[in-house]
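Biologist: Please take a close look at a single part of this model, the sheet, and describe how its strands are arranged and what packs on it.

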Amino acid sequence: MRAALLLAAALLLPAPDVSPSVRRAKAFADAVRAVNERHAEKPGKAKEDDLAALLPKEARKALDSLLAEKDSPDLAPALLVAAGGALDLDLEEEFGRIRERLEKAAPAEAAKAGFLVSRPRFLALGRDGVTREYLEDFAGIVEGILGGYDEVFGFEEWSKVPGKKLRFLVHQVPRITRPPHFAPEFEFHSQVDFPVPPEERITSPTPQGQFLFYGLCHELGHVIAMMDRGSVKVDHHQWAHYTGVAVVEHLAGRKPEPPWLDRMRDARWRSLTKERERLKDAKPGLDGEDGVLKTLVSLHDTVGPRAIGEAINRLDREDERERVNRVRYYDFKGIRKALLEVVKEPAKRKAVEEILKI
Ligand SMILES: [Zn+2]
């Protein structure tokens with residue numbers, strides 16, 4: 001009885017005070033969160049690089065004080081909290097200072113924090129043995145792929161919250177057992193989870209036959225448009241497959257060749273030409289993988305990928321697609337409507353109506 005009463009009393013006590021280190025780290029991370037929340041409510045034209053200026057001085061001071069602390073058991077966990085905050089606002093310099101402090105205080109925790117490489121449209125975080133050199137090389141390839149997407153489709157927005165950069169989490173695994181995937185659950189940004197084998201630089205396909213290069217191109221298709229809402233459950237992979245093979249093929253034929261392309265041999269097995277040939281007798285439709293893919297390839301061959309890109313951009317500009325947890329979901333009805341607004345030539349408009357019979 002007495003023990004139960006004591007326990008009840010203990011449950012009513014306020015939680016013990018957090019350490020000053022954790023308090024400083026939280027002050028910094030909470031301020032980052034507040035900036036992201038305000039931006040997500042009304043993104044406007046602001047880019048993530050503009051948002052850093054909105055971080056209050058007190059938050060930066062809290063980080064400075066944390067970094068100036070002496071070593072203590074509380075320091076490493078607090079630094080990891082601060083590192084998470086720096087990542088959420090793409091604060092590359094701050095992340096570097098936090099990492100440096102972690103290396104002195106707790107090298108094992110520094111490895112957990114990983115490396116950050118920031119580029120104008122995305123940031124790449126390398127963990128679990130991914131070196132800075134590997135990550136820099138990876139970032140160059142992603143820039144090349146995004147350039148390929150620009151040239152083929154011209155999609156304008158790459159993140160669920162407009163203006164925020166896309167994230168790639170690149171982590172080493174002894175053997176790849178799961179393909180890369182688009183992780184839509186983050187609150188303020190879109191992220192691609194990308195497991196890689198232990199190699200000095202990416203090569204594709206891997207010795208085990210995994211198509212890392214095509215995989216990256218495919219996942220970016222998911223980032224652009226999710227579609228499996230309602231009763232149709234198969235088309236979002238076909239969409240990503242279509243954009244993926246279109247971009248692989250485009251980059252493989254690019255002159256001058258990007259220097260990393262000789263390590264990416266995916267186009268021999270994954271290309272739009274191969275799919276077009278495989279589907280030559282299939283009928284466009286929306287109820288089955290081949291039908292959906294044939295629909296997309298037929299649109300590509302009649303109105304062209306730029307019109308498809310412009311249709312998606314138009315639906316975004318007019319906010320005419322569904323958002324779930326801020327992730328953009330499209331359906332073929334909306335794409336058809338937007339295509340008919342974008343495409344002016346009568347013969348091409350007729351083709352859209354024939355391919356997309358909804
Ligand atoms: Zn997929």
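Modeller: Two strands are said to pair if DSSP finds at least two bridges between them. Helices (H or I, at least four residues) and strands (E, at least two) are DSSP runs, numbered from the N terminus. The model is a predicted one: local features need pLDDT of at least 70, side-chain atom pairs count only at pLDDT 80 or more, and totals for chains, interfaces and linings use all residues. Residue numbers start from 1 along each chain, as its sequence is written.

The sheet is open and has 5 strands in the order S1-S2-S3-S5-S4, with mixed pairing. At its edges are strand S1 (115-118) and strand S4 (181-183), each of which pairs on one side only. On average, neighbouring strands of this sheet are turned by 25° against each other, direction ignored; axes here are lines fitted to C-alpha atoms, for helices over the stretch in contact, and angles run from 0 to 180 degrees between N-to-C directions.

Strand S1 runs antiparallel to strand S2 (residues 122-127), and 4 bridges join S1 to S2. One residue pair illustrates this: Phe115 has Gly126 in S2 as its bridge partner. Helix H8 (residues 132-152) packs on the sheet, where H8 touches S1, S2 and strand S3 (166-172). The direction of H8 makes about 150° with that of S2. Contact between two residues requires that their C-beta atoms, placed from the backbone, lie within 7 Å.
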